[in-house]
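Grab the model and work through these exercises on charged side chains. Try each task yourself before you read its solution.

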Amino acid sequence: MKLIFFFASLTIFSSSSFAQNYTRYDIPEPESKVNIGLGIGIDYGGIGGRITFLPVKRLALFAAAGYALVGFGYNIGAQLRIIPDKKICPTFGVMYGYNGVIMVQNASMYDKIYYGTSLSGGMEIHFGGKPNYMNVSLIVPFRSQAFYDDWDRIKQNSSISIQSDPLPVAFSIGYHFALK
């Protein structure tokens, strides 16, 4: 009977010791509530930066500002973080701000930034359990009627050579640094 009790005690001691070692290495770093991102795309204000606040783990609120080819661009928005504890976290977002630019070389009187709502789908890619991450998104801008009216006037102007039509979607990429 003493031998069985000793063996049971050894087993309990070993398994609790294993659990302590396992949990000690498995606990992720506490997630930062604020991060700064640098990137290119509508959700970075053009070529610029973005500050993101996470009031809860699955929701990110952001404000962005940058250079949008012909001037200052900004955006504010929110992202739903689908599985925030994974290395690759899908996101879905909505934002308001700059979502279109018309730029005509050597005719700056046509240059203009347009504002409206945009939807995004993308992912955060976390590296090695660190709170810093890369953000990649596909963005669908809902451009204003003023944008399309101005675009039509430019296309009808025979002295302006059109290089490309506006894309129906936009892409963005940025790298975010967690603030402690």
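**Warm-up: one residue**

R153 is exposed, since its relative accessible area is 51% (exposed means over 50%, buried means under 20%, and partly exposed is in between, with a 1.4 Å probe and protein chains only). Heads-up: this is a predicted model, where local features need pLDDT of at least 70 and side-chain atom pairs count only at pLDDT 80 or more, while totals for chains, interfaces and linings use all residues. Residues are numbered from 1 along each chain as its sequence is written, and side-chain values use heavy atoms, with hydrogens and water left out.

**Exercise 1: the overall layout**

Task: Work out how many helices and strands the protein chain has, and in what order the elements run from the N terminus.

Solution:
- Step 1. Count the elements: the protein chain has two helices and eight strands (these are DSSP runs numbered from the N terminus, with helices being H or I of at least four residues and strands being E of at least two).
- Step 2. Walk along from the N terminus, and you read α-β-β-β-β-β-β-β-α-β.
- Step 3. Add burial to the picture: of the 180 residues in the protein chain, 34% are buried.

**Exercise 2: a pair across the chain**

Task: Describe the contact between the side chains of R81 and E124, and decide whether R81 is buried or exposed.

Solution:
- Step 1. Look at the distance: from N to O it is 2.9 Å, and the two side chains of R81 and E124 meet in a salt bridge (a side-chain nitrogen of Lys or Arg within 4 Å of a carboxyl oxygen of Asp or Glu).
- Step 2. Place the partners: R81 belongs to strand 4 (residues 72-81) and E124 to strand 6, so this pair, 43 residues apart, links distant parts of the chain.
- Step 3. Check R81, which has a relative accessible area of 2% and is therefore buried.
- Step 4. Do the same for E124: its relative accessible area is 1%, so E124 is buried too.

**Exercise 3: a pair in helix 2**

Task: Find out how R153 and D150 are placed in helix 2, and say whether D150 is buried or exposed.

Solution:
- Step 1. Start with the contact: R153 and D150 form a salt bridge through their side chains, at 2.4 Å from N to O.
- Step 2. Count along helix 2: R153 and D150 sit three residues apart, which means about one helical turn separates them.
- Step 3. Compare the two ends: R153 is exposed at 51%, whereas D150 is buried at 16% relative accessible area.

**Exercise 4: another pair, and a network**

Task: Classify K155 and D152 by accessibility, then find which residues the salt bridges that share partners join into one network.

Solution:
- Step 1. Set the scene: the side chains of K155 and D152 meet in a salt bridge, 3.9 Å from N to O.
- Step 2. Count again in helix 2: K155 and D152 are three residues apart, so they are separated by about one helical turn.
- Step 3. Classify them: K155 has a relative accessible area of 43%, so K155 is partly exposed, and D152, with 36%, is partly exposed.
- Step 4. Now trace the shared partners: K112, D150 and R153 are joined into one network by their salt bridges.
- Step 5. Put your pairs in context: the whole structure holds six salt bridges, including R81 with E124, R153 with D150 and K155 with D152.
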